[in-house]
Amino acid sequence: MGTYTVSNAQNLRICVVMVGLPARGKSFISQKIVRYLSWLSFKAKSFNVGGYRRKGAPRPSADFFDYSNAEAYKIREQAVKEAVEDMMKWFEEEEGCVAILDATNSTRVRRNWILKLCRENCIEPMFLESWCDDEDVVLRNIADVKNSSPDYEGVDSEAATSDFLERINKYKEVYQPLQDDIDKDLTFVRLINVAQQVVINRIETYLESRIVFYVMNLHIKPRYIWLSRHGESIYNIEKKIGGDSSLSPRGLKYAAKLKEMVKESAGDRDLTVWTSTLIRTQETAQYLPYKQLQWKALDELDAGVCDGMTYEEIEEKYPEDFKARDEDKYEYRYRGGESYRDVVIRLEPIIMELERQENILIITHQAVLRCIYAYFMNVPQEESPWMSIPLHTLIRLEPRAYGTKVKKIKADIPAVSTYKERGTSQVGETYDEKRKSLHILNSTSD
Ligand SMILES: Nc1ncnc2c1ncn2[C@@H]1O[C@H](COP(=O)(O)OP(=O)(O)OP(=O)(O)O)[C@@H](O)[C@H]1O
């Protein structure tokens, strides 16, 4: 069943049943939960009923969602049945841990049907309702994602908005929100107007409580997250790993230039700078005129007995370890030090805090940055430790409805490459077409 970073000792299977009117962020929340849990090594998957419905009704108008439309009702029931069937298969065949049933699930009859199926299959049902009566938020959501949905291909945005509002009205006719009294025996969370108010009921397992804590921390305000490695350090030039050395003269130049780069990218936005506790990240942040915070959790992966050595020295002194790390870089733990998995565990509070915050600039180290980047960009574990993240480059992440946009800003100040490919103790890039995906941040596009 794989190794977990947070306990799932009881080998639980959870079905998060989304509830809510259209354009309430159900798919947004579903995808975020899947990304968060996958990053923590839980097998998680979202089953979007809209996607199944599109097979039978690719571009329906609002009338399709009228409950008295018997023909359409059949198609919609078929879609949910197919989604649930696939979900059950996934639990069985792929040993899934958390499935998300992403649909409106707006009536109690529908929810009771799912509840019964879950209980028959030893799956814990957890209802997650997003309730929102803020018309501005709903209109923004429609403009953000619905007008460009495949449902409205070729339809102008005004007509799409008006049809979508009509669709919401059809759902409102039958919608039964979760209620403290009637639903008191269910495990549920209600997010009211994003997370202005959160109601939780019968959350019993640790994993459920992690999910609740995560969704409570989400917000939808536009913001940027900037990531940068520290400037080139003396150890980087000497090809040594770890340590706590100062910046090289070129690294100091980067620190000075970073102030302009951030100013240009952020404009008048206020932001907070997070660094590790190591000298090289603080020297890199020294000219930035923003509030600064140091986090121990942002310190570089601890190389244990290999700290301060070059890769060549490691290969010579610890050949078996050197080989083992190349074979499974995510799991390999340096003697007396850490693995990538260990770093992910200690970064979890950082991710949680990042979700809560607005504009943040993080100045940290190669391995830590790979882990943070992997969370935002959904990079699989087997790839993330091999990503090339060059020195003297500012990365701007912009969280969007269903993903994150990346912009890379190069300082144009030369620096050594600290990238080590599999199977060699030499550092430096040898660009290889076949392994393009591992060099995401070295590609030329933004
Ligand atoms: N808790 C929330 N309440 C309201 N809006 C939210 C919430 N979380 C995210 N959003 C916003 O919802 C939008 C995405 O809507 P999404 O497609 O996820 O809605 P949906 O409820 O899945 O709709 P549908 O039922 O039509 O599939 C994004 O613009 C996002 O900012």
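Helix H9 (residues 249-266) lies across strands S7, S10, S11 (393-400) and S12, and its direction makes an angle of about 25° with S11. The model in which this packing is seen is a predicted one. The strands under H9 belong to an open sheet of six strands with mixed pairing, and helix H13 also lies across part of that set, namely S7, strand S8 (272-275) and S10. The points below take up the sheet, the helices packed on it or on each other, and a few individual residues.

**The six-stranded sheet**

- The strand order of the open sheet is S9-S8-S10-S7-S11-S12, and the pairing within it is mixed.
- Its edges are formed by strand S9 (291-294) and strand S12 (403-410), each of which pairs on one side only.
- On average, and with direction ignored, neighbouring strands of this sheet are turned by 20° against each other.
- Strands S7 and S10 (residues 360-364) pair in the parallel sense over five bridges, and within this pairing Ser228 has Ile363 of S10 as its bridge partner.

**Ile225 in strand S7**

- Ile225 lies in strand S7 (residues 225-229), and because its relative accessibility is 0%, below the 20% limit, Ile225 counts as buried.
- Not counting residues up to four places away in sequence, Ile225 touches Leu354, Ile360, Phe376, Ile395, Arg396, Leu397 and Pro399.
- One of these contacts, Ile395, is 170 residues from Ile225 along the chain, yet the two C-alpha atoms are separated by 8.3 Å.

**Helices H13 and H1**

- Helix H13 runs at about 175° to S8, while lying across S7, S8 and S10.
- The axes of helix H1 (residues 26-39) and helix H13 (residues 340-356) come within 11 Å and cross at roughly 160°; since angles over 145 degrees count as roughly antiparallel, H1 is described as roughly antiparallel to H13.
- From H1, the contact is made by Lys32, Tyr36 and Trp39, and from H13 by Val344, Leu347, Glu348, Ile351, Met352 and Glu355.
- The residues of this contact between H1 and H13 divide into six nonpolar and three charged, with no polar ones.

**Thr107, ahead of helix H4**

- Thr107 is placed in the loop between strand S3 (98-102) and helix H4 (108-120), and with a relative accessibility of 16% Thr107 counts as buried, because the limit is 20%.
- A polar atom of the Thr107 side chain lies 3.2 Å from the backbone nitrogen of Arg110.
- When its neighbours within four places in sequence are left aside, Thr107 is in contact with Tyr67, Val174 and Gln176.

**Loop residues with positive phi**

- Ser41, in the loop between H1 and strand S2 (44-48), has a phi near 75°, a positive value in a residue other than glycine.
- Cys122, in the loop between H4 and strand S4 (124-131), likewise has a positive phi, of about 55°, although Cys122 is not a glycine.
- Is each of these two residues buried or exposed? Ser41 is buried, with a relative accessible area of 15%, whereas Cys122 is exposed, with a relative accessible area of 64%.

Terms used:
Residues numbered from 1 in each chain as written. Predicted model: local features only at pLDDT ≥ 70, side-chain atom pairs only at ≥ 80, totals over all residues. Heavy atoms only, no water. Axes fitted to C-alpha atoms, helices over the stretch in contact; angles between N-to-C directions. Helix = DSSP H or I, 4+ residues; strand = E, 2+ residues; numbered from the N terminus. Parallel < 35°, antiparallel > 145°, perpendicular 65-115°, else oblique. Contact = heavy atoms within 4.5 Å. Nonpolar A, V, L, I, M, F, W, Y, C, P; charged D, E, K, R; others polar. Buried < 20%, exposed > 50% of the residue type's maximum accessible area, 1.4 Å probe, protein only. Polar contact = N/O pair within 3.5 Å; in protein donor to acceptor, adjacent residues only side chain to side chain. Pairing = 2+ DSSP bridges.
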